[in-house]
Amino acid sequence: MLPLFLALHAAPVSAQSADVAFGALEQDTSLPVEVTADNLSVDNATGTAVFTGNVLISQGEMTLSAGKVEVIYRASDQGIAKLEATGGVVLVAGEDAAESQRADYDIDAGTLVMSGDVLMTQGPSALSAQEMTVNLNDGTAQMSGGVKTILQPGSGN
């Protein structure tokens, strides 16, 4: 589990939504997606593949781990359209990391939506919310649903 944010002499701040930067670099969604897992089940009729057990996905500088990932292929058999991850999802991009119960990655749109008890850490700072939508094309994210953070006071106090 990612380290929880605790601070002495800091007050929590809550909001309904917040815009934040995520990842050190913009993500190139056209890069190959590498998947490793303990098990794989393929269903040609539905155009899906299900990876289970210690699933690790990497694409460029971004990695995602989960207990289960369903890969949905394009109907025209031209590669991956979406990834749906569940079970202890952890996303790492550069120095930033986030964890949640679920993540849905739409490769064509370049968006990754994490939902269910999202916790994002950026160095000593952390934010929590019910949902985080990451725009991989520009490296930004929006958190919504009970956003909470603890702000660190400056060293001059």
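Ser-100 touches Gly-88, Val-89, Met-114, Ser-115, Gly-116, Asp-117 and Val-118, when residues up to four places away in sequence are not counted. In this predicted model, Ser-100 has its place in strand β7, which covers residues 96–106. Its relative accessibility is 7%, and because buried means under 20%, Ser-100 counts as buried. The side chain of Ser-100 also reaches the backbone oxygen of Arg-102, at 2.8 Å.

One of the residues that Ser-100 touches, Asp-117, lies in strand β8, made up of residues 111–122. Asp-117 counts as partly exposed, with a relative accessibility of 47%, and its phi is near 50°, a positive value in a residue other than glycine. Most residues other than glycine have a negative phi. Asn-54, in strand β4 (residues 48–59), likewise is not a glycine and has a positive phi, of about 50°. With a relative accessible area of 60%, Asn-54 is exposed, because the term applies to values over 50%.

The table below sets out the accessibility of the residues described one by one in this report.

| Residue | Relative accessible area | Class |
|---|---|---|
| Ser-100 | 7% | buried |
| Thr-149 | 12% | buried |
| Ser-76 | 46% | partly exposed |
| Asp-117 | 47% | partly exposed |
| Asn-54 | 60% | exposed |

Thr-149, listed in the table as buried, lies in strand β10, and a polar atom of its side chain is 2.6 Å from the backbone oxygen of Ala-126. Ser-76, which is partly exposed, has its place in the loop between β5 and β6. Although Ser-76 and Gly-47 are 29 residues apart along the chain, their C-alpha atoms are separated by 9.9 Å.

The interior can be described first through its nonpolar residues. The largest nonpolar core has 30 residues, and those that touch the most other members are Leu-64, Val-69, Leu-112, Met-114, Met-132 and Met-143. Two or more residues are given to this core by each of the elements β4, β5 (62–73), β6 (80–93), β7, β8, β9 (125–135) and β10 (140–150). For Val-69, one of the core members just named, the contacts beyond four places in sequence are with Ala-49, Val-50, Phe-51, Val-55, Ile-57, Leu-83, Glu-84 and Ala-85. Met-114, another of these members, is among the residues that Ser-100 touches.

The interior also holds enclosed space. A search of the whole structure finds one cavity of 30 Å³ or more, and about 90 Å³ of space lies in the largest cavity. Two or more residues of its lining come from each of the elements β4, β5, β6 and β7, and β6 gives the most, with four residues. The lining consists of 14 residues, and those nearest the centre of the cavity are Ile-57, Leu-64, Leu-83, Tyr-105 and Leu-112. By character, the lining divides into ten nonpolar residues, two polar and two charged.

Some residues appear in more than one of these descriptions. Leu-64 and Leu-112 are named both among the core members that touch the most others and among the lining residues nearest the centre of the largest cavity. Ile-57 and Leu-83, which also lie nearest that centre, are both in contact with Val-69.

How values were computed
Residues are numbered from 1 along each chain as its sequence is written. This is a predicted model: local features need pLDDT of at least 70, side-chain atom pairs count only at pLDDT 80 or more; totals for chains, interfaces and linings use all residues. Side-chain values use heavy atoms; hydrogens and water are left out. Buried means under 20% relative accessible area, exposed over 50%, partly exposed in between (1.4 Å probe, protein chains only). A polar contact is a pair of N or O atoms within 3.5 Å; within protein, one must be able to donate a hydrogen and the other to accept it, and residues adjacent in sequence count only if both atoms are side-chain atoms. Contact means heavy atoms within 4.5 Å. A nonpolar core is a set of buried Ala, Val, Leu, Ile, Met, Phe, Trp, Tyr and Cys residues joined through side-chain atoms within 4.5 Å. On a 1 Å grid over the protein atoms alone, a cavity is a set of points where a 1.4 Å probe fits but cannot get out, and a pocket is an open set with protein on both sides within 12 Å along at least five of seven lines; lining residues have an atom within 4 Å of a point. Grid points are joined across faces, edges and corners, and a volume is the space filled by probe spheres set on the points. Ala, Val, Leu, Ile, Met, Phe, Trp, Tyr, Cys and Pro count as nonpolar, Asp, Glu, Lys and Arg as charged, and the others, Gly among them, as polar.
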